[in-house]
Amino acid sequence: MQINLEERLKENPVLRKQFDELDAYIDEKAGQQGSLINVMHRAQEIFGYLPDEVLAYVSTRLQVPRSTVYGVVTFYHFFSRTPKGRHTISVCLGTACYVRGSNSVYDKVTKSLGIKAGETSPDGRYTLDLVRCVGACGLAPVVVIDKDTYGRMTPDKVVTLLNKYV
Amino acid sequence: MKSLEELKRIKEETLKAMDLRQAKDRGKIVVAMGTCGIAAGAKDTLMAVIDELDKAGVHDVQVVQSGCMGLCDREPTIEVSMKDQPSVIYGDVDDANARRIVREHVQGGQVVAELVIKRGNL
Amino acid sequence: MIRNQLLICAGGACITSGEKSVKDVLVEELAKNGIQDEVQIIETGCMGACDLGPIVVVYPEGTFYQKVTPQNAGPIVSEHLVKGRVVSGLLYRQPTSETRAQTREEISFYTLQVKRVLRNCGVIDPLSIEEYIARDGYFGLGKALEIGPDAIIQTIQESGLRGRGGAGFPTGIKWKAARDASGSPKYVVCNGDEGDPGAFMDRSVLEGDPHSVIEAMVIAGFAIGAATGYVYVRAEYPLAIERLEVALTRAREYGFLGRNILGSGFDFDIEIRIGAGAFVCGEETALLRSIEGKRGMPSAKPPFPAQAGLWGKPTLINNVETYANVPPILINGAEWFRSVGTAKSPGTKVFALAGKVQNTGLVEVPMGTTLRELVFDIGGGIPGGKAFKGAQTGGPSGGIITADYLDMPIDFDSVKELGTIMGSGGLIILDEDNCMVDVAKFYLAFTVDESCGKCTPCREGTKQMYQIMERITDGKGTPNDIGKLKTLGRVIQQTSLCGLGQSAPNPVLSTIRFFPDEYRAHIEDRKCPAHACLHLLTYSVVSEKCVGCTACARQCPVQAITGQVKKAHVIDQATCIKCGSCYEVCRFDAILKE
């Protein structure tokens with residue numbers, strides 16, 4: 001695996017740059033105890049998801065067993081081991097959103113995209129996620145697309161909204 | 001930051017900058033900022049009032065703007081209402097007069113008689 | 001020379017409602033009118049009235065403009081600031097009369113509140129440490145360093161402050177235990193993993209007044225003898241993390257963190273740790289594992305974190321709101337703190353008011369305030385003239401307070417007697433359209449999802465309970481299901497490892513206790529009285545009312561509706577998928593939903 005990665009890094013400058021970025025972050029956090037979760041956050045930001053070779057790399061760099069790295073990545077909802085679509089749609093199913101009908105918004109999204117929570121559309125455009133409360137309960141129901149939050153959603157409004165994200 | 005004295009100094013300095021947001025109970029100065037007021041120079045008046053209060057270290061008098069008071073020929077006009085006293089409306093308040101009103105009326109407690117249009121509420 | 005200040009609420013909800021574009025328009029308008037040097041724009045933390053956002057307040061008058069949009073923001077500059085004329089169209093309209101409120105002081109949502117924890121939220125610029133200092137910030141720390149650890153802990157104990165994270169454990173006892181514990185180094189931790197769906201108090205404090213938490217943590221570090229602190233924040237709160245980072249940097253620059261703080265010889269610093277989406281990490285032992293970079297699984301207590309916490313060392317852990325209470329207690333004293341609230345639950349509580357209520361948002365009231373005051377006086381009642389059915393407190397760990405208890409003073413102990421918990425302060429208002437069985441099932445689904453899997457009662461038990469709940473809402477419940485739920489619930493409560501499992505059955509047990517008829521209706525009559533459970537609904541055509549317009553038949557996605565033009569239509573129950581589109585499209589009230 002390691003040798004394999006070395007070879008690929010030589011051929012692929014984009015990948016090289018991504019790993020350099022990760023390296024820099026790990027160096028910066030070198031002195032901190034228990035920095036694994038923070039490092040995985042950064043890695044997911046850089047790579048978009050957490051492929052096996054990244055897990056292996058972090059395990060070596062942080063001197064943490066691979067089983068531990070795998071265990072942490074699979075424990076937390078935030079980490080994804082599959083690539084995400086260009087846009088991540090998160091429909092909030094927190095209580096406030098639920099009692100104001102966010103499940104009908106969610107149903108509409110699954111129907112119009114043909115994917116369920118955790119899945120990515122075949123064209124790689126959208127990934128659908130469910131979240132439990134983003135803390136904007138005053139505006140329930142809430143949908144988050146990438147970094148934008150939209151309040152007072154309805155099944156009709158959400159479809160128009162999705163079309164804006166190409 | 002090495003001491004509580006330094007902390008107090010920062011507090012005092014910042015409070016000045018936050019002064020506009022504090023509740024003030026000693027009095028209120030209303031500057032009429034209707035179209036005619038502005039044309040007559042009410043904006044300079046407003047800035048002069050704020051500046052003079054600041055220089056004098058008066059922080060318990062609120063300065064607000066209002067629309068036209070309907071006294072267009074005597075613009076710029078301001079209304080000074082100090083606590084427990086009838087309010088006074090002044091006319092022809094240019095920069096210099098504004099500063100004089102702050103000094104004599106607000107600080108000194110003496111109404112500037114020659115500029116008064118009306119005493120008591122309109 | 002600044003003559004006016006514009007405060008724009010930059011809390012989470014206002015940002016969602018378009019606060020940034022409103023700000024851009026205001027900046028542009030100021031420049032257009034040439035008064036950009038006379039008027040200062042300040043973005044503050046959450047002002048609380050989330051439903052009215054984006055909010056702009058003009059000082060010195062304190063004029064409160066609500067629901068400001070990029071389209072209608074211009075006149076705030078061109079009318080109010082240039083001509084001194086209030087833009088009345090943007091003022092808050094009083095619900096009971098035609099008059100409009102000029103300032104916050106005239107709106108009952110604000111006047112009935114007592115702001116202690118939220119003292120700076122929506123008042124200062126959260127990025128300015130100077131403004132925090134101007135509002136007596138870091139003076140609590142100054143006092144703490146002067147009086148010493150024992151006096152600090154004594155003050156906290158005398159104040160009667162109880163943990164705002166949910167259980168209401170006396171904070172002073174926690175601090176004392178951490179101080180008395182042997183072992184070093186010691187740690188101070190802030191629990192900002194506000195996972196309860198429907199709760200956003202801690203988010204607002206971290207976003208709107210981050211220094212209050214930092215100051216309290218330094219005080220705590222000094223009191224128990226720790227040199228390192230960790231703030232654990234949910235990854236779902238990026239803005240809170242960002243503002244906290246800025247605040248930490250500023251605090252270091254000013255010497256409130258680092259070496260020899262305020263010349264006292266005391267060293268302390270704080271690191272941020274970001275959660276990764278696991279509800280169980282709100283449980284303190286699980287949270288500590290997560291800070292260590294491990295799977296966030298809880299462990300049995302004792303030993304308590306005060307004895308063996310982070311990396312096995314003595315650790316003090318409190319939540320955000322608890323910390324935010326600490327600096328004012330040191331400045332004003334224990335007596336001041338006890339001057340509001342109830343004897344056993346002194347002080348205030350911040351609630352996140354959400355669900356079926358007119359004024360959603362963040363409110364802070366004295367402990368002992370009644371639900372009626374919260375929902376009707378501050379919250380403005382239920383929208384659409386519907387009936388109040390209950391308030392869910394404590395999220396997935398709590399239960400329902402029903403209409404019968406509207407006048408009961410709310411504090412830690414009174415809600416416990418009703419089989420629910422205060423929780424962190426999420427208050428979800430439910431109306432007649434909400435089915436209690438469905439709501440309980442919703443919470444259970446959440447716990448099933450979030451159970452970490454370490455102990456069997458929680459992992460397997462909640463799943464079994466969920467299956468029974470699903471059976472009931474599908475119309476396949478059996479008469480002894482209620483008994484089974486109760487037995488299973490008690491076992492899970494008594495045998496689970498951590499708070500998540502121990503409280504997971506609460507929503508079900510609480511709704512069984514207060515709404516037994518609703519459960520029976522689902523099981524015996526196969527009906528959902530609130531018309532919320534899809535599988536128990538039937539749609540039919542009232543033939544006397546149907547004019548045969550064919551609208552419903554054309555709308556039906558599965559062609560379940562047949563009938564000739566101008567003749568009454570019929571719904572084939574076997575084909576109907578109960579989507580409700582016929583009900584929505586009918587203009588003659590001819591579709592009956594039951």
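What is the handedness of the crossing of α19(C) and α21(C)? That was the question I opened the notebook with, and I'm working from a predicted model.

**Entry 1: the helix pair.** I looked up α19 (residues 481-495) and α21 (residues 506-514), both of chain C, and got an angle of about 135 degrees with the axes 10 Å apart. Angles over 145 would count as roughly antiparallel, so this pair goes down as oblique. As for the opening question, the crossing of α19(C) and α21(C) is left-handed.

**Entry 2: who touches whom.** From α19(C) I noted Ile482(C), Leu485(C), Lys486(C) and Gly489(C). Facing them from α21(C) are Val508(C), Leu509(C) and Ile512(C). I sorted the residues of this helix contact into five nonpolar, one polar and one charged.

**Entry 3: domains of chain C.** Next I pulled up the division of the chain. Chain C splits into domain 1 (4-107), domain 2 (129-337), domain 3 (348-431), domain 4 (436-525) and domain 5 (538-593). I also checked one separation: the C-alpha centres of domain 1 and domain 4 of chain C lie 47 Å apart.

**Entry 4: the contact with chain A.** How many residues does each chain put into the contact? I found 39 from chain C and 33 from chain A. On the chain C side, the elements giving two or more residues are the helices α1 (12-16), α12 (284-291) and α17 (436-450), plus the strands β9 (269-274), β11 (348-355) and β15 (426-431). By type, I logged 17 nonpolar, 14 polar and eight charged residues on that side of chain C.

How values were computed
Residues numbered from 1 in each chain as written. Chains lettered and ligands numbered in written order. Predicted model: local features only at pLDDT ≥ 70, side-chain atom pairs only at ≥ 80, totals over all residues. Domains from an automatic or database assignment. Contact = placed C-beta atoms within 7 Å. Helix = DSSP H or I, 4+ residues; strand = E, 2+ residues; numbered from the N terminus. Nonpolar A, V, L, I, M, F, W, Y, C, P; charged D, E, K, R; others polar. Axes fitted to C-alpha atoms, helices over the stretch in contact; angles between N-to-C directions. Parallel < 35°, antiparallel > 145°, perpendicular 65-115°, else oblique. Left-handed = near helix turned anticlockwise from the far one by under 90°.
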